[in-house]
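Please find below a short note on the structure, set out as numbered points. It is best read with the structure in view.

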Amino acid sequence: MADKTAENQQASVAVVLPIYNQTPFLRRALASLQAQTYTDWHLVVVDDGSTDPSAIAAILHDLFPEHCYTYRRLVTNHGLGAALNIALAATAAPYIAYLPADDLYYPDHLASLLACLEQQPAAILAYSGVRHHSHDYAHGQISGLPLQLVQTLHRRTVDRWVERTELVTDDLERLYWGSLRHHGSFVGTHQLTAEWVAHPEQRNRIIRESLGGGLNRYRRHYQIAHPLRFQSSEGDLLDEGTLYRRFRDRPDTPRTPDSLKILLVGELAFNPERILALEERGHQLFGLWTPDGVGFNTVGPLPFGHVTEIPLANWQEQVRQVQPDVIYALLNWHAVPFAHQVLLGAPDIPFVWHFKESPFACLERGMWPQLVDLHLRSDAQIYTSPEMLDWYDTVLPGQVRHERALVIDGDLPKADWFTQERSERLSQRDGEIHTAVSGRPFGIHPETIGQLAQAGIHMHFYGPTWGDWWSNWIAESRKVAPRHLHLEGSVLPPEWVRELSQYDAGWLHIFTSHNAGEIRRANWDDMNYPARLGTLLAAGLPLIQPDHGNAIVATQALSRRLDIGLTFRDAEDLAAQLRDTTRLAQLRENAWGQRSRFCFDTYADQLITLFRQVISAGSRRSSVG
């Protein structure tokens, strides 16, 4: 940790400024501090592992004499809590204020906060009003959010911020404010004297799922290699240390004599630990991840270990040193630009392209040329459903090489999560039918829930409740089915079988197909295998979906082929089928018996065979113009 400590730190207010790769904001923030009408402050800057430390140091040197600030630098990023604790330890000032590098003060900010606090001796913290989202203002705490750092000033206490090694959250109440409340009240100035600046890399946007953030975006942004305890203010707790301990604690699998070096490129979406099935067969895995992922698409550093990370900054040189035998590029549309970049940048390495979701998203977002190129120039392709393969035959006529193609769903879980025994069903206890939704309830209308409730059929909702749409959906559903809609939170893979096998059936996406049996008219809903498919079938749940008739719908074709689900015309028809206990029992046994089709391990050997096939043939791209 680099250290530059000022000689004079006798100011009344320590202004703590944490910064991580936000140098373009820094001059504005510091200028707003210099403009304060209250001048008895001392600045404490903690650079939390920024990649441009010399630029930060230069700005500080340009704007302030050395006696005005204390500077600490961490070589690697440790997280907000650790940075703030280092700052608190570096000052003895009786009052603490916060100025994150991307925020700013208005001139009377410190003066008004300090006056408010001094007028109320029993108060421990004062807070201002704040501008946010350009044209939005709050005269105190922003509705639905905790107090933000930039709007607060508090008396010094012995309390310390919760650090990233304990918990990651955007809820500052849990990180620190809750501890302060034991010492006194919080009081507001009711004056707008600070700005909480909204931008894409704002910490709360990186964390909150409804704003496009989430655990994986957070991990990628801060380059975190260790497992996290992560809980946004709108989600459930995910303890990766517990979830992935079984994988991290085991040693690497000994390499086989013909071991392959497999370079994973892109992102792994859901159930990312599935790729360890390849490592468990004696192969070596490397990871090169897209810089443009989202919260629910998994990127490295991977929390379950056994995959060697390749730095993005100089990836071509690193790949040349590793000399992988094959590139396995996947999975969703967010990864298409980067996968295409690697396709062009590593032409001598055989390249296998596994694309799931969604070609239509690529069309809408201008990625179609890259997606077509990935299909035409890759050495082999993997399609997530037979219907998807048929669709590409119409999109790229004569170009799909069936001898170099596999059909494997991209989000299949790992077999480790299939080992529990089934639980007693709730219907065996109360005589009513209980169904489960795992994930967002796409297409399930409150009216349908109400109609099923009248027939004594329950819906148990496992999944995120964040976002206005789902909040409204829950409120409307509870109006019509107050006793039959149950909110269960999220269920993690180790508990899938035990938890979900309590139910009689599980819901897939509900939609109406309009393709009339013509593959060219199919859309993404028609061709998709949703990620919840493996979750439900791990527990042996029959699948619930609409009756699409003769339309081409991948999940309907799968369900009919394996006889593992029911299709319905309306709520009355569904209720009648769910009440047919003999038929439902048969579907349940069929689903339980077919579970191995829905775990990734079942297809690992086929993948390795395909990899060896393209390796033997050599890359086609090195000879392409």
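1. In this predicted model, His375 touches several residues beyond its neighbours within four places in sequence: Trp353, Phe355, Gln381, Tyr383, Tyr392, Leu396 and Arg401. His375 itself belongs to helix α14, which covers residues 368-377. Is His375 buried or exposed? Its relative accessibility is 4%, and because buried means under 20%, His375 counts as buried.

2. The largest nonpolar core comprises 61 residues. Those with the most contacts inside this core are Ile262, Tyr328, Val352, Leu500, Leu607 and Phe611. Which helix gives the most to this core? Helix α25, spanning residues 604-617, does so with 6 residues.

3. Ile262 deserves a separate look. When its neighbours within four places in sequence are set aside, the contacts of Ile262 include Leu278, His283, Gln284, Leu285 and Phe286. Val326, Tyr328, Ile608 and Phe611 are also in contact with Ile262. Two of these partners, Tyr328 and Phe611, appear again among the residues with the most contacts inside the largest core.

4. A second nonpolar core is separate from the largest one and has 40 residues. Among them are Leu33, Ala97, Leu110 and Ala194.

5. The cysteines should also be mentioned. A disulfide is a covalent bond between the sulfur atoms of two cysteines. With a cut-off of 2.5 Å between the sulfur atoms, the count is 0 disulfides. Cys68 has a relative accessible area of 18% and is therefore buried, as this value is under 20%. Cys362, at 0% relative accessibility, is likewise counted as buried.

Technical notes
Residues numbered from 1 in each chain as written. Predicted model: local features only at pLDDT ≥ 70, side-chain atom pairs only at ≥ 80, totals over all residues. Heavy atoms only, no water. Buried < 20%, exposed > 50% of the residue type's maximum accessible area, 1.4 Å probe, protein only. Core = buried A, V, L, I, M, F, W, Y, C linked by side-chain atoms within 4.5 Å. Helix = DSSP H or I, 4+ residues; strand = E, 2+ residues; numbered from the N terminus. Contact = heavy atoms within 4.5 Å.
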